[in-house]
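Got your viewer open? Let's take a walk through this model, one selection at a time.

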Amino acid sequence: MNSKRVRVATCAAVVLSVVLTGCGGGDGGTTGKAEGPVTIEYWNWLEAKNVDPVVAKFNATHKDIKLKFVKQADNPGTQQNLRNAVAAQKHVPCLVQNFGEAPSLASEGLAQDVTEELTPYLKKGLFAESALPSARAVDKYYAVPGGATPPFMMINRKVYDKYGVETPKTWDDVIAAGKEFKKHGIYVMNLAGEDPSTLIELVQQAGGSWYKIDGDKWKIDFLSPESLKAADVIQQLVDNDLVAHQTYTDRPALINYFDSGKMVSLPTSTWQLQNYEREYKKSLGDWEPVDRPQFKDATEFVTPMHSPTSGVIVPKGCDHVKEAVEAAVWLNTSKDSTDASYQKDTKQYTWPGAIPDPSPWVDSAVPEKLFGPRKSEARGVILKSVKAGRDNWVAGPNYTGMFAELQDQWAKVTAKKTTMKAALEHMQTWTVADLKRKNINVDG
């Protein structure tokens, strides 16, 4: 291993000690107070119409700090541009829309540890509890939290009623509904062959995580009771041919399929609703928002709220860390920021996922026609999901590599070329071996 790889691997091993602060380039410190307001360059790949009004509001309400929005082409382009800037330690921006898991950002030396600057705002209770874990690596913050959109389910009420199928309350109910719909050539859900996110969400909802810190090492457990519980749900759906496998890579075909009435239960969130409203033709008004199904032995109602790429990072080499954090906190938690994000064409605000109480903005997230006469039900479903949001998920070193391997295994599961348990056994062996190759202290 070359010296750079050793350094990155040592950092990835965590995040377990203050040694991490020595990883990556740049001093990440603040300079002396400059004459006039401090200008914070803010990189984001969203459309200017979504960001400009928010930046304008910030600049109109702040004298000592000004935001300068620099539009990026896309997510991958942002990542490459930031890596180049941090490596050169020239023209490093002070705020960048997050694009990765906190441990990975820390180990690569891209993100500044902002724990000290963020702590006063945490003590004020400005952030929802479910928004915090994804911005952390162990006990250090490498992003200003942005939070997640609340997960729930929408079902095609017209088709459910046609065949007398009850609204599923548990994942066992989903399986039972799938068996009934199968008699009529209808799938209860869709599991795309390239996207294992449903499995991850089920593990998280069961209270599990594949990574955790155990003393001075990583503990890897893809075969925990929580993980096997999630795997059992997936396996039953696949074994009994209860789910479709429409790919997300062909958006028009996917939407046409969802709209056809041949697939009738859709895990979703607020950010997707306007798209369905705009794109559905046949089933507009037939859908109903319902609670996310729970495990039958659950002792409390829980929704998985992990959002690894939400929030804003302060890159290593930023000269104004304190001011950057102040600006990022305003972007993610202030009423003024959310109100400024309103788009007249969609009549919608950016979802305030980091705010403990998003109720003032819930109604605008619900489109007019998608749920037909059941539109009013959405508010209660959404707020219940927000209140029940939990984030116990931990992302370990080389999480990106693990996810790519998981995608390959997931594709085999959905194609019935392997079982979900066998795939998890493979992931256990693969992940432990991968971390050991990187000289990371691991137990599995």
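Start by selecting helix 8 (residues 197–205) and helix 9 (residues 225–239), which pack at an angle of about 135° with their axes 8 Å apart. That makes helix 8 oblique to helix 9. Oblique covers whatever is left once angles under 35 degrees are called roughly parallel, over 145 roughly antiparallel and 65 to 115 roughly perpendicular. The axes are lines fitted to C-alpha atoms, for helices over the stretch in contact, with angles from 0 to 180 degrees between N-to-C directions. Helices (H or I, at least four residues) and strands (E, at least two) are DSSP runs, numbered from the N terminus.

A quick word on what you are looking at: this is a predicted model, where local features need pLDDT of at least 70 and side-chain atom pairs count only at pLDDT 80 or more, while totals for chains, interfaces and linings use all residues. Residues are numbered from 1 along each chain as its sequence is written, and side-chain values use heavy atoms, with hydrogens and water left out.

Now show side chains. T198, L199, L202 and V203 in helix 8 meet E226, S227, A230, A231, V233 and I234 in helix 9; contact here means heavy atoms within 4.5 Å.

Stay in helix 9 and click S227. Is S227 buried or exposed? At 0% relative accessibility, S227 counts as buried (buried is under 20% relative accessible area, exposed over 50%, partly exposed in between, with a 1.4 Å probe and protein chains only). Leaving aside neighbours within four places in sequence, S227 is in contact with V203, W210, F222 and L424.

Next, select P304, which lies in strand 13 (residues 303–304). P304 is buried too, with a relative accessible area of 7%. Not counting residues up to four places away in sequence, P304 touches P151, E201, Q204, Q205, R292 and R390.

P151 is worth a click of its own: P151 stands opposite S269 in strand 11. Strand 6 (residues 151–156) and strand 11 run antiparallel, joined by 5 bridges (strands pair if DSSP finds at least two bridges between them). Strand 11 is mostly covered, with 4 of its 5 residues buried.

What packs against strand 11? Try helix 10 (residues 251–259), whose buried residues are L254, I255, Y257, F258 and D259. These pack against several elements, including strand 11 (265–269), helix 11 (270–279) and strand 12 (287–290). Just after helix 10, find G261, whose phi is positive, near 85°.

Time to move to a sheet. Pick out the open sheet of 4 strands, in the order 2-1-3-14 with mixed pairing. Strand 2 (65–71) and strand 14 (312–313) stand at the edges, each with a single partner strand, so one side of each is left without a neighbour in the sheet. Strand 1 (residues 38–44) and strand 3 (residues 95–97) run parallel, joined by 2 bridges, and Y42 stands opposite L95 in strand 3. Add helix 2 (residues 48–61), which lies across strand 1 and strand 2 and runs at about 170° to strand 2.

Last stop: the largest nonpolar core, with 51 residues, where L67, L95 and V325 have the most contacts inside it. The largest share of this core, 8 residues, comes from helix 12 (residues 321–333). Apart from it lies another core, of 50 residues, among them I186, L202, I234 and W393. A nonpolar core is a set of buried Ala, Val, Leu, Ile, Met, Phe, Trp, Tyr and Cys residues joined through side-chain atoms within 4.5 Å.
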